[in-house]
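Q: Please take a reader new to this structure through one helix and what surrounds it, and then look at a few places beyond that helix. Which residues deserve a second glance, and where do they lie?

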Amino acid sequence: MNFLEERIQKDGIVKEGNVLKVDSFLNHQMDILLFEQMGEEFARRFKDVEIDKILTIEASGIGIACIAARYFNVPVVFAKKAKSVNLEGEMYIAEVESFTHKCKNQVIVSRKYLTEGENILIIDDFLANGCALQGLISIVKEAGATVAGIGIAIEKGFQMGGKVIRNLGYRLESLAIIEAMDTASGKITFRE
Ligand code: 5GP
């Protein structure tokens, strides 16, 4: 098991509805030394890739992306979530279905902060069905930029997001991939 899998095993709580709660180190309280390790690991995995900017989504992606950005020495842009506002013009907008909140959000990035030709590393905390990632990918494409890679902290491998994104040809690196988790026993199994 790697450092993140060990931490998930120790402090992660399996909830009903295929939700893993990691509030004690990632989604509410944040363990910055762990974030440093994640940043270092993303930098190692993407060392052969040219990255100009990191794109993430509020809220929980921001902390991870910011620490990772120190290893890539690039700026971070975070997509903002807004509930069905009608914004046009200077914004890139994508519709994203929230896995945890079961609602639709519009995800918004100012046109000022994504430029044609840039190589973008997308970073997020979780990958479940892939809706958040699909939204971010569509925004990068609309900007005429390139998705150079995708870095995820925790992928729930039993949900379809990872498969869909890899099948689309994107380079997706997840630091921990959960193969199965059981609400009753709390048992979490990782992909080898
Ligand atoms: P997706 O769009 O891939 O279905 O879901 C990804 C987003 O939903 C992530 O950005 C994350 O915020 C949230 N999410 C999905 N599954 C989980 C989970 O099991 N635990 C937590 N804490 N967040 C999740």
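**Helix α1 and beyond**

A: The elements that cover the buried residues of α1 include β2, α2 (23-27), α3 (32-45), β8 (146-156), β9 (172-181) and β10 (188-190), where contact means heavy atoms within 4.5 Å. Helices (H or I, at least four residues) and strands (E, at least two) are DSSP runs, numbered from the N terminus. The model is a predicted one, in which local features need pLDDT of at least 70 and side-chain atom pairs count only at pLDDT 80 or more, while totals for chains, interfaces and linings use all residues. Residues are numbered from 1 along each chain as its sequence is written, and side-chain values use heavy atoms, with hydrogens and water left out.

Helix α1 spans residues 3-11, and its buried residues are Leu4, Glu5, Arg7 and Ile8 (buried is under 20% relative accessible area, exposed over 50%, partly exposed in between, with a 1.4 Å probe and protein chains only). They lie on the same side of α1, because the arc that they cover around the axis is only 160 degrees, taken from the directions from the helix axis to the C-beta atoms. At the N-terminal end of α1, Asn2 acts as a cap, with a side-chain oxygen 3.0 Å from the backbone nitrogen of Leu4.

Asn2 also appears in the surroundings of Arg45, a residue found in helix α3. When neighbours within four places in sequence are left aside, Arg45 is in contact with Asn2, Arg171, Glu173, Ser174 and Leu175. With Glu173, the side chain of Arg45 makes a side-chain to side-chain polar contact of 3.0 Å (a pair of N or O atoms within 3.5 Å; within protein, one must be able to donate a hydrogen and the other to accept it, and residues adjacent in sequence count only if both atoms are side-chain atoms). With Ser174, the partner is the backbone oxygen, which lies 3.2 Å from a polar atom of the side chain of Arg45.

Further along the chain, Ile54 lies in strand β3, which covers residues 53-57. Ile54 counts as buried, because its relative accessible area is 0%. Not counting residues up to four places away in sequence, Ile54 touches Ala65, Ala68, Ala69, Phe72, Val74, Pro75, Val76, Val77, Leu121 and Ile123. As for Val96, this residue and Ile54 are 42 residues apart in sequence, and their C-alpha atoms are 19 Å apart in space.

The backbone also repays a careful look at three places in loops. The peptide bond that runs from Glu58 to Ala59 is cis, with omega near 0 degrees, and Ala59 has its place in the loop between β3 and α4. Asn18, which is not a glycine, has a positive phi near 60 degrees; Asn18 sits in the loop between β1 (13-15) and β2, and its relative accessibility of 38% makes it partly exposed. Asn73 likewise is not a glycine and has a positive phi, of about 60 degrees. Asn73 lies in the loop between α4 and β4, and at 71% relative accessibility Asn73 counts as exposed. For background, most residues other than glycine have a negative phi, and most peptide bonds are trans.
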